[in-house]
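Please open the model in a viewer and keep the selection panel at hand. The tour below proceeds stop by stop, naming what to select and what is found there.

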Amino acid sequence: KYFMSVFDRPTSKELLEAVIDFIDAEIKSDSYPANKKFKFQIVLNVLNIVKREVDAGEEINEKFSELGSKLTNEENFTIEKLSKKIRKQEINYDDKSLIDFLYELTEEKIKIDNPKYK
């Protein structure tokens, strides 16, 4: 699927990569004391999460929108709609399809938040 953008280069992805590369180089230099490097590492981790979400977020959202619509038997799936159906016991919390959906969604979120953890 092609996504047209009205924005010029550099793209948001390119800007994120430039900032990530800059901070990574700064962390590796001897210019900063350990406590500053630690703070820069936190910022770098946050930027990497944002970058992974920019890279994969649209695809993940589309996938789970389709899976969620099948699960809830409704168009325009939202987590709120799913939660409401569970609260109203229209979908049982121990339903295998629900468990599989939530497990797979959790895995995808972990890949974004911390891909080293699995």
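**The whole chain**

Begin with a cartoon view of the entire chain, which contains 4 helices and 0 strands. Read from the N terminus, the order of elements is α-α-α-α. The chain is more spread out than a compact globule, because its radius of gyration is 19 Å, well over the 13 Å that the globule rule gives for 118 residues. Please bear in mind throughout that this is a predicted model.

Align the view with the principal axes: the C-alpha atoms occupy a box of roughly 60 × 35 × 20 Å. Colouring by accessibility will show that buried residues account for 21% of the 118 residues. The exposed surface of the chain comes to about 9500 Å², of which carbon and sulfur atoms supply 55%. Among contacts with a separation of 6 or more, 52% are between residues 24 or more positions apart.

**First stop: the aromatic rings**

Select the aromatic side chains and display them as sticks; how many aromatic pairs does the count come to? The count is 3 aromatic pairs. Centre first on Tyr32 and Phe40, whose ring centres are 5.0 Å apart; their planes meet at 65°, so this pair is edge-to-face, since an angle over 60 degrees places a pair in that class. Tyr32 is partly exposed, at a relative accessible area of 27%. Phe40 is likewise partly exposed, at 25% relative accessibility.

Next, select Phe77 and Phe101, an edge-to-face aromatic pair with 5.6 Å from centre to centre and 75° between the planes. Phe77 sits in the loop between helix 2 (34-72) and helix 3 (79-87), while Phe101 belongs to helix 4 (residues 96-113), so the pair ties together parts that are 24 residues apart in sequence. Are these two residues, Phe77 and Phe101, buried or exposed? Both Phe77 and Phe101 are buried. Add Phe64 to the selection to see a cluster in which ring pairs link Phe64, Phe77 and Phe101.

**Second stop: the salt bridges**

Now display the charged side chains, among which 12 salt bridges are counted. Start with Glu14 and Arg9, where the side chains form a salt bridge with an N to O distance of 2.5 Å. Glu14 is partly exposed at 26% relative accessibility, whereas Arg9 is exposed at 66%.

Move to Asp55 and Lys13, whose side chains form a salt bridge at 3.6 Å, N to O. This pair links distant parts of the chain, as Asp55 is in helix 2 and Lys13 is in helix 1 (residues 12-28), 42 residues apart. Asp55 is partly exposed, with 38% relative accessibility, and Lys13 is also partly exposed, with 37%.

Then select Lys63 and Glu108, which meet in a salt bridge of 3.5 Å, N to O. Lys63 is in helix 2 and Glu108 is in helix 4, so this salt bridge ties together parts that are 45 residues apart in sequence. Lys63 is partly exposed at 31% relative accessibility. Glu108, by contrast, has a relative accessible area of 14%; it is buried because that value is under 20%. To complete this stop, select Lys13, Glu17, Lys51 and Asp55, which salt bridges with shared partners join into one network.

**Third stop: a nonpolar patch**

Switch to a surface representation and select Phe38, Ile42, Val46, Val50 and Val54. These residues form a nonpolar patch on the surface, with about 430 Å² of accessible area together. Val46, one of its members, lies in helix 2 and is partly exposed, with a relative accessible area of 47%.

**Last stop: Ile49**

Finally, select Ile49, another residue that lies in helix 2. Its relative accessible area is 25%, and Ile49 is therefore partly exposed. Which residues are in contact with Ile49, once its neighbours within four places in sequence are left aside? The contacts are with Ile112 and Asp113. A further selection for this view is Pro115: Ile49 and Pro115 are 66 residues apart in sequence, yet their C-alpha atoms are 9.3 Å apart in space.

Key:
Residues are numbered from 1 along each chain as its sequence is written. This is a predicted model: local features need pLDDT of at least 70, side-chain atom pairs count only at pLDDT 80 or more; totals for chains, interfaces and linings use all residues. Side-chain values use heavy atoms; hydrogens and water are left out. Rings of Phe, Tyr and Trp (its six-membered ring) pair if their centres lie within 6.5 Å; planes under 30 degrees apart count as stacked, over 60 as edge-to-face and the rest as tilted. Buried means under 20% relative accessible area, exposed over 50%, partly exposed in between (1.4 Å probe, protein chains only). Helices (H or I, at least four residues) and strands (E, at least two) are DSSP runs, numbered from the N terminus. A salt bridge is a side-chain nitrogen of Lys or Arg within 4 Å of a carboxyl oxygen of Asp or Glu. The radius of gyration is taken over C-alpha atoms; the globule rule is 2.2 Å times the number of residues to the power 0.38. Contact means heavy atoms within 4.5 Å. Accessible areas come from the Shrake-Rupley method with a 1.4 Å probe; for residues, only the protein chains shown count as cover. Patches are made of residues with over 30% relative accessible area and no salt bridge: like charges are joined within 9 Å, nonpolar side chains (Val, Leu, Ile, Met, Phe, Trp, Tyr) within 5 Å.
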